[in-house]
Amino acid sequence: MKSIFVTSPSLPPIDEYVEELKDIWRSKLLTNQGPKYKQLEDEVRSLLGAKHVALFSNGHLSLQIALRSMGLDGGEVITTPFTFASTTQAIVGCGLTPVFCDIEPRTMTIDAEKIRPLISKNTRAILAVHVYGLPCNVAAIQAIADEYGLKVIYDAAHAFGESYMGRPIGTFGDISMFSFHATKSFNTVEGGCLAFSEEGLYERVCALRQFGSYGPYAYSFVGTNAKMSEFHAAMGICNLRHLNEYIAQRKEAFGEYMRRLEGLDGISSIQYPEALVPNYSYFPVVIDEKKFGSTRDDVAKILADSGIYARKYFYPLTSSFECYKGKFDVQDTPIARYISERVLCLPMYAGLSQANVEEIATVLRGCTR
Ligand SMILES: *Cc1c(COP(=O)(O)O)cnc(C)c1O
């Protein structure tokens, strides 16, 4: 029996990539924003419908640069603990203090209703996550940010190519970060980008990307190295050509899951809102052990015993990470805690076949007592 992993990267036909490599061999430009970088940046900007886009070596450094570019110099950032490690690590890594807000049970994104009581005189920004590509309550978040003069950053790592309420998803808030990691719906092997509209910010994030330098021999501030190489950009150019096919394949797998799991008591899957054009990045289910008859951990084990590797995304909550112990106060977020103890991401990728989904659903149905 062949194993089914939670994800499998989308790869373009190798000949297409080799064609791109030939250009690189001719130009001998391997990195530092060469022609492949510029082409991909243009293409991503138009796909995201953003005024400005800058590309980086990965999503995590993109997020850190977004935070640094705002000159927040200490203070608190209101965020969600129900996310990948990167979101919270970026905040702490920038010398900021995360303040954890609970999530909405339906979208699993930050609960805008619960933000206000967490605001203090030290609050600088809200860092929210469009988790699994489900959009945050962008209108309510913006209203709060406007009222208190806070910056809004979206971790849109899961939301590449989506639009919400007729607007490209990266156009909400001050800055949005997208990840192009191998496991994401669009990949450059490793990579990421920031999308924003503020004038002057492009130069700042590019300088932060390149050792804090605006130009030769001039170092204006302490930066990092987060450049995207020409090889990574070339991969992005190829994968972007096929993005619509990849999303269509994911959509098919998603539909098959919905049909196969329909009426299964104790299993709830995500509901995309009407106003969203989704990218079908993930297929998380929340398992209510009382109704279903097995716990999430049991289900994960039974699936693994059948060669199906689902993942407990996102568990544990980032707020409970060992590395933060004793560093700052941790707010209790009971809904996030409830979900993180019961959520399981089932395999989802472009190329996951209907037969694969049928097999997964059959094992899952067998877990009920
Ligand atoms: C993948 C991911 C990131 C980080 O992206 P990398 O490109 O892997 O650095 C950040 N936030 C979330 C929610 C992610 O899933």
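## Contacts with the ligand

A polar side-chain atom of Asp155 sits 2.7 Å from a nitrogen atom of the ligand. Keep in mind as you explore that this is a predicted model. Gly59 makes its approach through the backbone: one of its backbone N or O atoms is 2.7 Å from a ligand oxygen atom. Lys184 uses its side chain, where an N or O atom lies 3.3 Å from an oxygen atom of the ligand. How much of the ligand does the protein cover? On its own the ligand has 380 Å² of accessible area, and the protein covers 92% of that.

## The shell around the ligand

Let's step back to the whole neighbourhood. There are 15 residues around the ligand, and those that come nearest are Gly59, Asp155, His158, Ser179 and Lys184. Sorted by class, this shell holds ten polar, three nonpolar and two charged residues.

Which helices and strands supply at least two residues of the shell? They are helix 3, spanning residues 59-69, helix 4, spanning 85-93, and strand 8, spanning 175-179. You can find Gly59 at the start of helix 3 (59-69).

## The largest pocket

The ligand takes up the space of the largest pocket, whose volume is about 480 Å³. Its lining has 30 residues, and Phe84, His181, Thr183, Lys184 and Tyr282 are the closest to the pocket centre. Lys184 is worth a second look, since its side chain also has an N or O atom 3.3 Å from a ligand oxygen atom.

Helix 3, helix 4, strand 8 and strand 15 (343-346) each give two or more residues to this lining. As for the classes, the lining has 14 polar, twelve nonpolar and four charged residues.

## The second largest pocket

Now try finding another pocket on the model. The second largest pocket contains about 190 Å³ of space. Its lining includes Gln33, Glu203, Cys206, Phe211, Tyr214 and Pro216. Two elements to look for here are helix 6 (201-209) and strand 10 (213-215), each of which supplies at least two lining residues.

What is the mix of classes in this lining? Seven of its residues are nonpolar, four are polar and one is charged.

## Unusual backbone spots

Most peptide bonds are trans, and most residues other than glycine have a negative phi. With that in mind, here are some spots to visit along the backbone.

Where does a cis peptide bond precede Phe314? The bond from Tyr313 to Phe314 is cis, and its omega is near 5°. Another cis bond joins Tyr315 and Pro316, with omega about -5°. Phe314 belongs to the loop between helix 10 (296-305) and helix 11 (334-340), and Pro316 is also found in the loop between helix 10 and helix 11.

Val189 is the last stop. This residue is not a glycine, yet its phi is positive, at about 75°. To find Val189, look in the loop between strand 8 and strand 9 (192-196).

Definitions and conventions:
Residues numbered from 1 in each chain as written. Predicted model: local features only at pLDDT ≥ 70, side-chain atom pairs only at ≥ 80, totals over all residues. Heavy atoms only, no water. Near = heavy atom within 4 Å. Polar contact = N/O pair within 3.5 Å; in protein donor to acceptor, adjacent residues only side chain to side chain. Areas by Shrake-Rupley, 256 points an atom, 1.4 Å probe, with all protein chains shown as cover. 1 Å grid on protein atoms, 1.4 Å probe; cavity = no way out; pocket = protein on both sides within 12 Å on 5 of 7 lines; lining within 4 Å. Sits in = over half its atoms within 2 Å of the grid points. Helix = DSSP H or I, 4+ residues; strand = E, 2+ residues; numbered from the N terminus. Nonpolar A, V, L, I, M, F, W, Y, C, P; charged D, E, K, R; others polar. Points joined across faces, edges and corners; volume = space filled by probe spheres on them.
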